[in-house]
Protein chains: 2
Amino acid sequence: MRILVVGGSGTVGRAAIAELGRRHEIITAGRNSGDLRVEIADEASIRAMFDKAGKIDAVISTAGHVHFGPLTTMTGEQFKKGLLDKLLGQVNLALIGLHHVNDGGSITLTSGVVNRDPIRQGANSATVDGAIDAFVVAAAIEMPRGLRINAVSPGLIEESVKIFDGYFPGHEPVSSARVGLAFAKSVEGALTGKVFIIE
Amino acid sequence: MRILVVGGSGTVGRAAIAELGRRHEIITAGRNSGDLRVEIADEASIRAMFDKAGKIDAVISTAGHVHFGPLTTMTGEQFKKGLLDKLLGQVNLALIGLHHVNDGGSITLTSGVVNRDPIRQGANSATVDGAIDAFVVAAAIEMPRGLRINAVSPGLIEESVKIFDGYFPGHEPVSSARVGLAFAKSVEGALTGKVFIIE
């Protein structure tokens, strides 16, 4: 397969590529690195990326930022940024991408652990995660041409433990190898409308 | 209690008021009707509403619009409208409202059935519903002064069956009386971070 991985330079993207790159052709896209440049908050940028990528069998998105901060001082503008970046950005990758993926192909988005197992300062992150999980479940029933759509919801990845030191008390880190397997299940398997939880 | 019901003129708002109005003082707010006017997509309008409402013991939000339409022709702009109205609007009611609700009070948002039981043309609705459910679960752990926050997720309400004719095949309608009880559980009960599913 030809697989486009958006956000391929991040921890989750690298996990997906480490697993799927053994058997498939990988094209990476990112804000600042990768084979192609894309700004997922910009629909025109997403369209240009797909035009350059050509026909593909699968899209994996591991991209997007959310706002972390205390609930009591969180502003609507801060909250909106996470909605427009990680949430709407990934949704637009799916809405536009479904016209570029070959028949029977797949789209896999990335959510996260925070809606299942909330942490302080994580209200925006949890909201975005829950939204992505709900989107793939609903979108799956309307996908054309045998296309599938799923989400991978990884727990705190071992490589990220130091970066998020103190933010995830008691969370049991998951290996990037297990996260990579979830992407393989979504891309190479037959399921659709599923959230693959790695915890 | 003094309870502010935003969206009080809609089907869900009327269900909440029919139950809670028997025992409490109700102040209604809406886009085009009610004791106070509010545009929930506008933070300044939300702030003005809370200033006019004075001190309250509970906020109930049953407001917000989403986009219904086929996935394959849905645009990012259409999707964004639902995110900014029903989702960010209700989140902003909570983020601003938590500074106006008396100690030990509550905030209750409204999501819906579509993320649990998806329908065609419902991808935006499902996403917003899932996001609201996730938001209250995460926000609850950071609420100050003993404040609580929950969501009510009603199924298709009997009064709405004709309006949504054909959109919800096989959905078993729920009575507005049962939906009203869910709001009573949230406002008068002690639970927080919960999604009260009425189906």
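**Sheet and interface of chain B**

In the predicted model, Ile56(B) has Val101(B) as its bridge partner in E5(B). This pair of residues introduces the pairing of strand E4 (residues 56-61) of chain B with strand E5 (residues 101-110) of chain B, two strands that run parallel and are joined by four bridges. Helix H4(B) packs on the sheet, where it touches E5, strand E6 (148-154) and E7 of chain B, and the direction of H4(B) makes about 160° with that of E6(B). The sheet itself is open and consists of seven strands with parallel pairing, in the order E3-E2-E1-E4-E5-E6-E7 (chain B). Its edges are formed by strand E3 (36-37) and strand E7 (195-198) of chain B, each of which pairs on one side only.

The contact between the two chains draws 40 residues from chain B and 40 residues from chain A. The size of an interface is often expressed as the accessible area that is lost when the parts come together. Between chain B and chain A the buried area is about 3000 Å², with 76% of this area given by carbon and sulfur atoms. Zero salt bridges are found across the interface of chain B and chain A, whereas six residue pairs are found in polar contact across it, both residues being at pLDDT 80 or more.

On the side of chain B that touches chain A, the elements giving two or more residues are helix H3 (76-97) and helix H4 (123-139) of chain B. H3(B) provides the largest share of this side, with eleven residues. By residue class, the side of chain B that touches chain A comprises 24 nonpolar, eleven polar and five charged residues.

How values were computed: Residues numbered from 1 in each chain as written. Chains lettered and ligands numbered in written order. Predicted model: local features only at pLDDT ≥ 70, side-chain atom pairs only at ≥ 80, totals over all residues. Heavy atoms only, no water. Contact = heavy atoms within 4.5 Å. Buried area = accessible area lost by both parts, 1.4 Å probe. Salt bridge = Lys/Arg side-chain N within 4 Å of Asp/Glu carboxyl O. Polar contact = N/O pair within 3.5 Å; in protein donor to acceptor, adjacent residues only side chain to side chain. Nonpolar A, V, L, I, M, F, W, Y, C, P; charged D, E, K, R; others polar. Pairing = 2+ DSSP bridges. Axes fitted to C-alpha atoms, helices over the stretch in contact; angles between N-to-C directions.
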